[in-house]
Amino acid sequence: MRLASATTLFFTSFCQGFSPMARNIVSSRTLVAGTSTLLREQRMAEKVLANAKFPDEWPFTESDLTRADESPDTVFYETPRLCYHIDDAAVAALTEYYGETLNDGDDVLDICSSWVSHFPKEWKGGNVVGLGMNEFELNKNERLSSYDAKDLNVDPTFPYDDDSFDKVTCVVSVDYLTKPKEIFAEIGRVLRPGGMALLSISNRCFPTKAWNLWLRTNDLEHVFIAGSFFHYAGMFEPPSCADISPNPGRSDPMYVIKGIKKA
């Protein structure tokens, strides 16, 4: 079953218990922008992964994960971008969430890292490692103990030992990773038992570098897709979602999909 169809069936079934307005919204094939805003305001994103029913087998096709621009990512990301990729309110919400979730002394791997990781200033991390594309950006990140520059779309393996980290973070970048099955297996491999992966997503992207399925689906479906990656890795407890959007409909949405490695 194709995941786009699976998510449509899921949302249709999920909303049966809600108001007639919600049922009418989902009865149309596409959850348009106004609909997504309404659903986000009701914090339904947090319920998307509750008792989620994923297809039995990996449903993604090669076409789903291709991009409009298949030129080398090293070329696209060669020029440093010392800017935020979400608005200030979303950045603040993510930093606050990290403040409630990261423990002092945690060893953290930040994948798809850059010049900023949005960790709280007062947080005292242990071994904090950045894995990203642009060495200049990584060198500017003052929160990192060390970093490695690597194109995970060419080689999705992480250059770290098994059970090396307490947390793995990834900020608004999963839609650029064309080998998510391998990437999430690597996340599970480098996490310690009981360790936590925090995958934050929003609605901004470089459209030529985001994969096709991401561009064809909406915020709630993105939560479902991202959660499915934890499921298919086979190494995590059932994933969950926290909707930390600071001002639904007025600033960038922000969702954190959490996967905890099985003990």
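**Close-ups of a predicted model**

**View 1. Phenylalanine 158 and its contacts.** Not counting neighbours within four places in sequence, phenylalanine 158 is in contact (heavy atoms within 4.5 Å) with Leu109, Ile111, Leu131, Leu152, Ile183, Glu186, Ile187, Arg189 and Val190. A quick word on what you're looking at: this is a predicted model, where local features need pLDDT of at least 70 and side-chain atom pairs count only at pLDDT 80 or more, while totals for chains, interfaces and linings use all residues. Residues are numbered from 1 along each chain as its sequence is written, and side-chain values use heavy atoms, with hydrogens and water left out.

**View 2. The largest nonpolar core.** A nonpolar core here is a set of buried Ala, Val, Leu, Ile, Met, Phe, Trp, Tyr and Cys residues joined through side-chain atoms within 4.5 Å; buried means under 20% relative accessible area, with a 1.4 Å probe and protein chains only. This one has 43 residues, and Leu109, Phe158 and Ile187 touch the most other members. Among the elements that each supply at least two of its residues are strand E1 (108–113), strand E2 (128–132) and helix H8 (212–216). Helices and strands are DSSP runs, numbered from the N terminus: H or I of at least four residues for a helix, E of at least two for a strand. Helix H9 gives the most to this core, with 9 residues. Apart from it sits another core, of 21 residues, including Val91, Leu94, Tyr97 and Leu102.

**View 3. Strand E5 and its partners.** Because 8 of its 11 residues are buried, strand E5 (residues 191–201) is largely enclosed by the rest of the structure. Strands count as paired if DSSP finds at least two bridges between them. E5 pairs with strand E4 (residues 165–171) in the parallel sense over 6 bridges, and valine 168 stands opposite alanine 197. With strand E7 (residues 255–260), E5 pairs in the antiparallel sense, again over 6 bridges; there, serine 200 has valine 256 as its bridge partner.

**View 4. Phenylalanine 224 and the aromatic cluster.** Phenylalanine 224 lies in helix H9, and it counts as buried because its relative accessibility is 0%. Its C-alpha atom is separated by 8.8 Å from that of phenylalanine 54, though the two are 170 residues apart along the chain. Ring pairs (centres of Phe, Tyr or six-membered Trp rings within 6.5 Å) link both into a cluster, along with others including Trp58, Phe60, Trp214 and Tyr232. The structure holds 14 aromatic pairs.

Note on methods. Buried < 20%, exposed > 50% of the residue type's maximum accessible area, 1.4 Å probe, protein only. Phe/Tyr/Trp six-rings, centres within 6.5 Å; stacked < 30°, edge-to-face > 60°.
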